[in-house]
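Student: Could you take me through the aromatic rings in this structure, and what sits around them? I'd like one close look rather than a quick tour.

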Amino acid sequence: MRVRIVSDISLLKQLCCRLKRNLFLSTETRLNFGDDPSDPLYSDVPKPCRRKSERKPYVTPMKVLIRRAKAEREAQKAQPCRMLEEAPDNGLLVPELIEVAHRVYRARQSLLFGLSELVKVIPVQRCSFCNEVHIGHVGHEIRTCTGPKSGFRNAMHIWRRGGVKDVVFFPKCYHLFDRVGKPRVVHDEKHTVPRIPAIVELSIQAGLDLEKYPTKRRTKPVYCIEGRIVDFETVMAGDETKGKFSSENVNPLPESSLILMKPVEKIKCLVENDSNCLDQLRDEERSAVRDLGIKTLDSWFEMISGAKKIMEKYIVNTCGYCPEVQVGPKGHKVRMCKASKHQSRNGLHAWQEATIDDLVNPNHVWHVRDLNGPALNNNLKRYYGKAPAVVELCVHAGAPIPNQYRSMMRLDVVPPDRDEVDLVA
């Protein structure tokens, strides 16, 4: 009888342990917001840069790409000659994206204009040997430098004054006059075809017209004959081929930049006196900088959201090993890749689907709570958050912190002091 009681007690203990373990796992699952894609406000700190020998992850799984290729081959066999119906594959513009393309171009102009004024007031530091950027009067002490002879410096950064190009970087690509009829740039054309920022090329292909970069506008869809594009449209007069939006409608200084000019005029005296500390500003000047930061941040979000919407229809390719980008249905054939395994490709790029980060490099930086505070310590780097350099710059100018970056910036984490590192688990 006693043995049976002991066995019953042991069974109850095992059952209790199982219930506690299941409860702990279920609670952990609920609290792990990073694995919950339904939470739009959660975004973790970006992972360190991948190794140069590793390829970028595919946006679309390889199985899906193979399935699409098989379906296209079967469609070509069933109907060798067919007229392409969906834009922009048929050479026509997507009507609802024409105005979006103009907004993206204007937002980019406003962004660059606002950043050029903010960097005069808020200091931007960049490493002399790598691409690391820091917002603040003193560069951080986090040992992440990967530049030449970084081992002799114990991976410490050597800081110098940065500019707008360090805050946001727009990679360039080749301009296509006819994105459907001649989608590739060959190696012999690398010096004759102009290179422009990829986001500008995306806006041009989506409906923006610029005098410096002409492009062909069709009025009738093209045909696909055994996998090749054939255009039966006759050559029309220049006035008839112009789209609804011409280059005259694109102002060199957009409307949003005209709005930004008002607060900039108030801080001109501040820039002339070379005063880079926000604590020395008067209330009127500080409000002017705050308005400038808010409008610049709005231009950033408008540009990013519009580019994402255009990229749903217009294809953008990037190299799987280097930052090269090409807007169009196919990547170019210029042998200029110097990344890993380029010898086996004879210098050609390994093209794959691009993301918005490939089109506009956000350049994430460490978040600093106080610009005049001490430098960030390497031993406390797991308590620090990150944010795109544009967001970090505008937030220090006085703009409200966007909700989608609050978790990435780790505002709810209180970093310990330098003498309390050993006391924190």
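Tutor: Sure. Keep in mind that this is a predicted model. A pair of aromatic rings is described by the distance of the centres and the angle of the planes, so that's how we'll go about it.

The structure holds two aromatic pairs. Take Phe 301 and Tyr 405 to begin with: the ring centres are 6.3 Å apart and the planes make an angle of 35 degrees, so this pair is tilted. To count as stacked, the planes would have to be under 30 degrees apart, while edge-to-face needs over 60. Phe 301 belongs to helix α9, residues 283-311, and Tyr 405 to the segment after α11 (389-397), so the pair ties together parts that are 104 residues apart in sequence. As for solvent, Phe 301 is partly exposed, at a relative accessible area of 24%, whereas Tyr 405 is buried, at 14%.

Now the other pair, Trp 366 with Tyr 384. Here the arrangement is edge-to-face, with 6.5 Å from centre to centre and 80 degrees between the planes. Trp 366 sits in strand β12 (residues 364-366) and Tyr 384 in the loop between β12 and β13 (386-388), so the parts tied together by this pair are 18 residues apart in sequence. Both partners are out of the solvent by the numbers: Trp 366 counts as buried at 8% relative accessibility, and Tyr 384 counts as buried at 10%.

Stay with Trp 366 for a moment, since there's a charge to look at too. Lys 386 lies over the face of this ring, 4.6 Å from the ring centre. So Trp 366 has Tyr 384 as its edge-to-face partner and Lys 386 over its face. A charge is also found over Phe 170: Arg 108 lies over the face of that ring, at 4.7 Å from the ring centre.

While you're around β12, have a look at Asn 363, in the loop between α10 (356-359) and β12. Phi of Asn 363 is near 55 degrees, a positive value in a residue other than glycine. That's worth a glance, as most residues other than glycine have a negative phi. Asn 363 counts as buried, at 18% relative accessibility. Set Lys 149 beside it: phi there is near 55 degrees and positive as well, but Lys 149 is exposed, with a relative accessible area of 63%. You'll find Lys 149 in the loop between β3 (133-135) and β4 (159-161).

Finally, go back to α9, the helix that carries Phe 301. Helix α9 turns up again in the second largest pocket, which holds about 1800 Å³ of space. Among the 45 lining residues, those closest to the centre of this pocket are Glu 72, Asp 89, Ile 315, Pro 329 and Lys 330. Elements giving two or more residues to the lining include α9, β1 (81-83) and β9 (316-319), but the largest share, seven residues, comes from α2. By type, the lining divides into 22 nonpolar, eight polar and 15 charged residues.

One last stop is the loop between β1 and α3 (95-118), where Pro 88 has its place. A cis peptide bond joins Ala 87 to Pro 88, with omega at about 5 degrees.

Note on methods
Residues are numbered from 1 along each chain as its sequence is written. This is a predicted model: local features need pLDDT of at least 70, side-chain atom pairs count only at pLDDT 80 or more; totals for chains, interfaces and linings use all residues. Side-chain values use heavy atoms; hydrogens and water are left out. Rings of Phe, Tyr and Trp (its six-membered ring) pair if their centres lie within 6.5 Å; planes under 30 degrees apart count as stacked, over 60 as edge-to-face and the rest as tilted. Helices (H or I, at least four residues) and strands (E, at least two) are DSSP runs, numbered from the N terminus. Buried means under 20% relative accessible area, exposed over 50%, partly exposed in between (1.4 Å probe, protein chains only). A charge sits over a ring if NZ of Lys or CZ of Arg is within 6 Å of the ring centre and within 35 degrees of the ring normal. On a 1 Å grid over the protein atoms alone, a cavity is a set of points where a 1.4 Å probe fits but cannot get out, and a pocket is an open set with protein on both sides within 12 Å along at least five of seven lines; lining residues have an atom within 4 Å of a point. Grid points are joined across faces, edges and corners, and a volume is the space filled by probe spheres set on the points. Ala, Val, Leu, Ile, Met, Phe, Trp, Tyr, Cys and Pro count as nonpolar, Asp, Glu, Lys and Arg as charged, and the others, Gly among them, as polar.
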